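The following exercises invite the reader to examine a protein chain step by step. Each task is followed by a worked solution.

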Amino acid sequence: VEVRSAGIDKGSTGSFITMRRPYGFVLAVGDDWTDEDLFRALPESAYSIKVGLGNSHARYTLRTCVQVRELLKEMT
């Protein structure tokens, strides 16, 4: 069960945050259908990653959360 205010979702929040000031790097990672709102709303320069199988608006896909942790470790 997810409870949220009407008109407020990850996409509208992501747009609000990224439109307020420019960011040199934006990364969004998600494994849920609610993350699709965010993936659609991000600027083209952002990196979006869907975790798991299935269609997505994310630019990239990783199969498991273990792969996400490995990616983050490599990035740091």
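A nonpolar core is a set of buried Ala, Val, Leu, Ile, Met, Phe, Trp, Tyr and Cys residues joined through side-chain atoms within 4.5 Å. The model shown here is a predicted one.

**Exercise 1. Identify the residues that make up the largest nonpolar core, and describe the contacts of Ala58.**

Step 1. The largest nonpolar core consists of seven residues: Val26, Ala28, Leu38, Phe39, Leu42, Ala46 and Ala58.

Step 2. In soluble globular proteins, nonpolar side chains tend to be buried together.

Step 3. Ala58, one of the residues of this core, is in contact with Glu36, Phe39, Ser48, Ile49 and Lys50 when neighbours within four places in sequence are left aside.

Step 4. For the chain as a whole, 29% of the 76 residues count as buried.

**Exercise 2. Describe the order of the secondary structure elements and the overall dimensions of the chain.**

Step 1. The chain contains three helices and three strands.

Step 2. Along the sequence, these elements follow the pattern α-β-α-β-β-α.

Step 3. Taken along the principal axes, the C-alpha atoms fill a box of roughly 35 × 35 × 20 Å.

Step 4. Consider the contacts between residues at least 6 apart in sequence: 19% of them join residues at least 24 apart.

**Exercise 3. Determine which residues of helix H1 are buried and which are exposed, and where the buried ones lie around the axis.**

Step 1. Helix H1 spans residues 10–20, and its residues Gly11, Gly14 and Thr18 are buried.

Step 2. These residues lie on the same side of H1, because they cover an arc of only 65° around the axis.

Step 3. The packing partner of the buried residues of H1 is helix H2 (35–41).

Step 4. Phe16, Met19 and Arg20, on the other side of H1, are exposed.

Step 5. At the start of H1, the backbone nitrogen of Gly11 has a side-chain oxygen of Asp9 within 2.9 Å.

**Exercise 4. Classify the pair formed by Tyr47 and Tyr60, and describe its surroundings.**

Step 1. Two aromatic pairs are present in the structure.

Step 2. The ring centres of Tyr47 and Tyr60 are 6.3 Å apart and the ring planes are at 20°. Planes under 30 degrees apart count as stacked, and the pair is therefore stacked.

Step 3. Tyr47 belongs to strand S2 (residues 47–51) and Tyr60 to strand S3 (residues 60–62), so that the pair links distant parts of the chain, 13 residues apart.

Step 4. With relative accessible areas of 36% for Tyr47 and 40% for Tyr60, each is partly exposed.

Step 5. Ring pairs link Phe25, Tyr47 and Tyr60 into a cluster. Over the face of Tyr47 lies Arg59, at 5.1 Å from the ring centre.

**Exercise 5. Locate Ser56 and list its contacts.**

Step 1. Ser56 lies in the loop between S2 and S3. Its relative accessibility is 26%, and Ser56 therefore counts as partly exposed.

Step 2. Not counting residues up to four places away in sequence, Ser56 touches Glu36, Phe39 and Lys50.

Step 3. The side chains of Ser56 and Glu36 are joined by a polar contact of 2.8 Å. In addition, the Ser56 side chain reaches the backbone nitrogen of Ala58 at 3.0 Å.

Step 4. Between Ser56 and Asp32, which are 24 residues apart in sequence, the C-alpha to C-alpha distance is 9.9 Å.

Notes:
Residues numbered from 1 in each chain as written. Predicted model: local features only at pLDDT ≥ 70, side-chain atom pairs only at ≥ 80, totals over all residues. Heavy atoms only, no water. Buried < 20%, exposed > 50% of the residue type's maximum accessible area, 1.4 Å probe, protein only. Helix = DSSP H or I, 4+ residues; strand = E, 2+ residues; numbered from the N terminus. Arc of directions from axis to C-beta. Contact = heavy atoms within 4.5 Å. Polar contact = N/O pair within 3.5 Å; in protein donor to acceptor, adjacent residues only side chain to side chain. Phe/Tyr/Trp six-rings, centres within 6.5 Å; stacked < 30°, edge-to-face > 60°. Lys NZ or Arg CZ within 6 Å of the ring centre and 35° of its normal.
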